[in-house]
Structures are given as C-alpha cells and as structure tokens.
Amino acid sequence: MAEDIKAKLDQYRTAPFDARFPNQNQTRNCWSNYLDYHRCQKALNAKGVDTTPCEWYRRVYKSLCPIGWIEKWDGQRDDGSFPGKI
C-alpha cells in the first residue's frame, strides 16, 4: 500500500476531482483535506507508524487552499483556538 501511495505522490500534479465536491467552489474541499491531513498525522503518530500516507492530503490542501488561510489555521492550531476537530 505504501508503494502505491508513493507512486501516486510521484505523479501528483494538482488536486484530482473529488466526487464529494462537484461544484466549482472548492472551499469545503480545501477545509476537509486540511483537517484530514492533521487527523492522519495525529492518528499515525499516536500509533508510531510512518506518516507518508498523510502527504496526499497535504499536497491536495496546499494546491487548493490560499496560503493566507493555511497560515491562519496553523496559527490558530498553535494558539489552541482552531475551530475544527482534529
């Protein structure tokens, strides 16, 4: 499985189509992938497992989300005032 993920990461160009978010507005897609990345990191770190599979979510949210949003959310997570459940 890890090899399959690494192969997909090597071929990654931009966020692929996600049927959960069929409209042009990709704000929810950005938000969901940001949360999924940090949840994945938290879960795999707790198990002591390699976090390479989480890189997919990071690349997707980095290509969809404005940099200002990411910086704001990272700051909120550091301050403990982030509104999402991670």
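A residue counts as buried when its relative accessible area is under 20%. His38 comes in at 10% relative accessible area, so this histidine is buried. That value, like everything below, is computed from a predicted model. His38 sits in helix H2. Setting aside residues up to four places away in sequence, its contacts are Tyr61, Asp74, Arg77 and Ile86. One of these contacts, Tyr61, turns up again in the largest nonpolar core.

Stepping back to the whole protein, the fold is a plain one to list. There are 4 helices and 0 strands, and from the N terminus on the order simply reads α-α-α-α. The protein has 86 residues, and 31% of them count as buried. Its accessible surface comes to about 6,100 Å²; carbon and sulfur atoms make up 49% of that area. As for how the chain meets itself, take the contacts with a separation of 6 or more: 65% of them link residues that are 24 or more positions apart.

Next comes the inside. In soluble globular proteins, nonpolar side chains tend to be buried together. Here, the largest nonpolar core is made of 12 residues. Among them are four cysteines, Cys30, Cys40, Cys54 and Cys65, along with the aromatic residues Tyr34, Tyr37, Tyr61, Trp73 and Phe82. Leu35, Leu44 and Ile70 complete the set. Two elements give two or more residues to this core, namely helix H2 (27–47) and helix H4 (67–79). H2 gives the most, with 6 residues.

Leu44 is a handy core member to look at up close. Apart from its neighbours within four places in sequence, Leu44 is in contact with Val49, Asp50, Thr51, Pro53 and Cys54. Of these partners, Cys54 is itself listed in the core.

Leu64 offers another view. This leucine belongs to helix H3, which covers residues 55–64. Is Leu64 buried or exposed? The answer falls in between: partly exposed covers the range from 20% to 50%, and Leu64, at 26% relative accessibility, therefore counts as partly exposed. Leaving out neighbours within four places in sequence, Leu64 touches Ala15, Gln26, Asn29, Cys30 and Asn33. Cys30 is one of the core residues, so a partly exposed leucine is in contact with a member of that buried set. Leu64 and Arg28 are 36 residues apart in sequence, and their C-alpha atoms are 9.9 Å apart in space.

Technical notes
Residues are numbered from 1 along each chain as its sequence is written. This is a predicted model: local features need pLDDT of at least 70, side-chain atom pairs count only at pLDDT 80 or more; totals for chains, interfaces and linings use all residues. Side-chain values use heavy atoms; hydrogens and water are left out. A nonpolar core is a set of buried Ala, Val, Leu, Ile, Met, Phe, Trp, Tyr and Cys residues joined through side-chain atoms within 4.5 Å. Buried means under 20% relative accessible area, exposed over 50%, partly exposed in between (1.4 Å probe, protein chains only). Contact means heavy atoms within 4.5 Å. Accessible areas come from the Shrake-Rupley method with a 1.4 Å probe; for residues, only the protein chains shown count as cover.
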